[in-house]
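Me: Please take a close look at the C-terminal part of this chain and set it in the context of the whole. A formal account with explicit cut-offs would be welcome.

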Amino acid sequence: MAEEGGAEVAEAVEMRAALGRLRRTTGLPVAFGGLLPESGRLRIAELNGTATGALRALAISSGNGLGGRSMVLSRPCAVTDYAVARHISHEYDAAVAAEGLRSVLAVPVVVRRKVRGVLYGALRSALPIGERTFDAAVAAARDVEQALVVRDEVRRLLSATRELPAGPDAWEEVRAAHSELRALAPRIVDTELREELLTVCGRLAGAAGPADARRGRPPLMALAPRETDVLACVAAGSTNAKAAELLGLRPETVKGYLRSAMRKLGAHTRLEAVVAARRAGLLP
């Protein structure tokens, strides 16, 4: 239940950020939206710029209204005057009218061909919504999609780490999982999920390896989280450019973190740094 609560809080944060971005980039005065649970109907959970609470918790069925049409088609849809639009159904007219909305845009949040939510933007006047506004709204939805992709991948990796095989042959899988999890950690909004991820990373890094690797391990030394992230990518075979892409950093920043980590570890090469970090229990 705690995990579900954390996920709901993280989703709310992501949705609020996306709606704020949608309003800023499109100029639309009203934005609202919600994410679709595994089962059930989409509910409008977040409002931005609204004057009433008429839209809050409104349950949207697939195919109904503008948002429901957008969900079925998996593409953005818009109407210039909601109340008289002919190509949508009108189950939600009362709530839309109570908020005084006329021109409305709906953009689905789609992850792996599955609709996971809808973002709306609206005007209180019957004016056409232009192409630039469409593009900006789609960009806001893409941000939410990326956040959901990251969370899904983290959950997959966490599940996979519970099933990693034992023995010397498993180490490459352990190291690959550790590298991927470290790269994803900074992008997780859900604090509980991020803490779980970092706990697993610590467990993987400190896991017992071959006996000769455990004996004589020097005391654990401190590296900054980003220095560890960069080393984890390097250990998995990433170039500086690839590590920068995975971590959302500039290549020059990655080089800086790598140099700092090498200095702390007393290493002169990338390989020496990885070996030293493994001996210190910082990497699996």
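Reply: The account below begins with the whole chain, turns to the helices requested, and then treats the remaining regions.

The model is predicted, so that local features need pLDDT of at least 70 and side-chain atom pairs count only at pLDDT 80 or more, whereas totals for chains, interfaces and linings use all residues. Residues are numbered from 1 along each chain as its sequence is written, and side-chain values use heavy atoms, with hydrogens and water left out.

The protein chain contains eleven helices and seven strands; helices (H or I, at least four residues) and strands (E, at least two) are DSSP runs, numbered from the N terminus. Of its 284 residues, 45% count as buried. Buried denotes under 20% relative accessible area, exposed over 50%, and partly exposed the range in between, with a 1.4 Å probe and protein chains only. The accessible surface of the chain is about 14,300 Å², and 53% of this belongs to carbon and sulfur atoms; areas come from the Shrake-Rupley method with a 1.4 Å probe, and for residues only the protein chains shown count as cover. Among contacts between residues at least 6 apart in sequence, 62% join residues at least 24 apart, a contact being heavy atoms within 4.5 Å.

Within the part requested, helix α9 spans residues 240-247, and its buried residues are N240, A243, A244 and L247. These four lie on the same side of α9, because they cover an arc of only 100° around the axis; the arc is that of the directions from the helix axis to the C-beta atoms. In general, an α-helix has 3.6 residues a turn, so residues three or four places apart point the same way. Just after α9, G248 adopts a positive phi of about 70°.

Helix α10 (residues 251-265) holds V254, which counts as buried at 0% relative accessibility. Leaving aside neighbours within four places in sequence, V254 is in contact with V230, N240, A243, A244 and L249. Of these partners, N240, A243 and A244 are among the buried residues of α9. V254 and R226 are 28 residues apart in sequence, with a C-alpha to C-alpha distance of 8.7 Å.

Helix α11 (residues 270-279) includes V274, a buried residue with a relative accessible area of 5%. Its contacts, apart from neighbours within four places in sequence, are L231, V234, A235 and L283. The C-alpha atoms of V274 and A236 are separated by 9.7 Å, although these residues are 38 apart along the chain.

Elsewhere in the chain, G33 belongs to strand β1 (residues 30-35) and is buried at 0% relative accessibility. Not counting residues up to four places away in sequence, G33 touches M15, L19, R43, I44, A45, E46, V118 and Y120. G33 and L47 are 14 residues apart along the chain, and their C-alpha atoms are 6.9 Å apart.

The loop between β3 (46-48) and β4 (59-60) contains A57, and L58 is also placed in the loop between β3 and β4. A57 has a positive phi of about 65° although it is not a glycine, and this residue is partly exposed, with a relative accessible area of 41%. Most residues other than glycine have a negative phi. L58 is in contact with L42, R43, I44, Y92 and A95, leaving aside neighbours within four places in sequence; its C-alpha atom is 8.0 Å from that of A45, which is 13 residues away along the chain.

A further positive phi in a residue other than glycine, near 65°, occurs at R113. R113 sits in the loop between β6 (103-111) and β7 (114-123) and counts as exposed at 84% relative accessibility.

Finally, the structure holds three cavities of 30 Å³ or more. A cavity is a set of points, on a 1 Å grid over the protein atoms alone, where a 1.4 Å probe fits but cannot get out; lining residues have an atom within 4 Å of a point. The largest cavity has a volume of about 100 Å³, and of its 14 lining residues the closest to the centre are F32, I60, Y82, V96 and Y120. Helix α2 (residues 65-73) gives the largest share of this lining, three residues. The lining divides into eleven nonpolar, three polar and no charged residues, where Ala, Val, Leu, Ile, Met, Phe, Trp, Tyr, Cys and Pro count as nonpolar, Asp, Glu, Lys and Arg as charged, and the others, Gly among them, as polar. Volume here is the space filled by probe spheres set on the points, with grid points joined across faces, edges and corners.

Notes:
1 Å grid on protein atoms, 1.4 Å probe; cavity = no way out; pocket = protein on both sides within 12 Å on 5 of 7 lines; lining within 4 Å.
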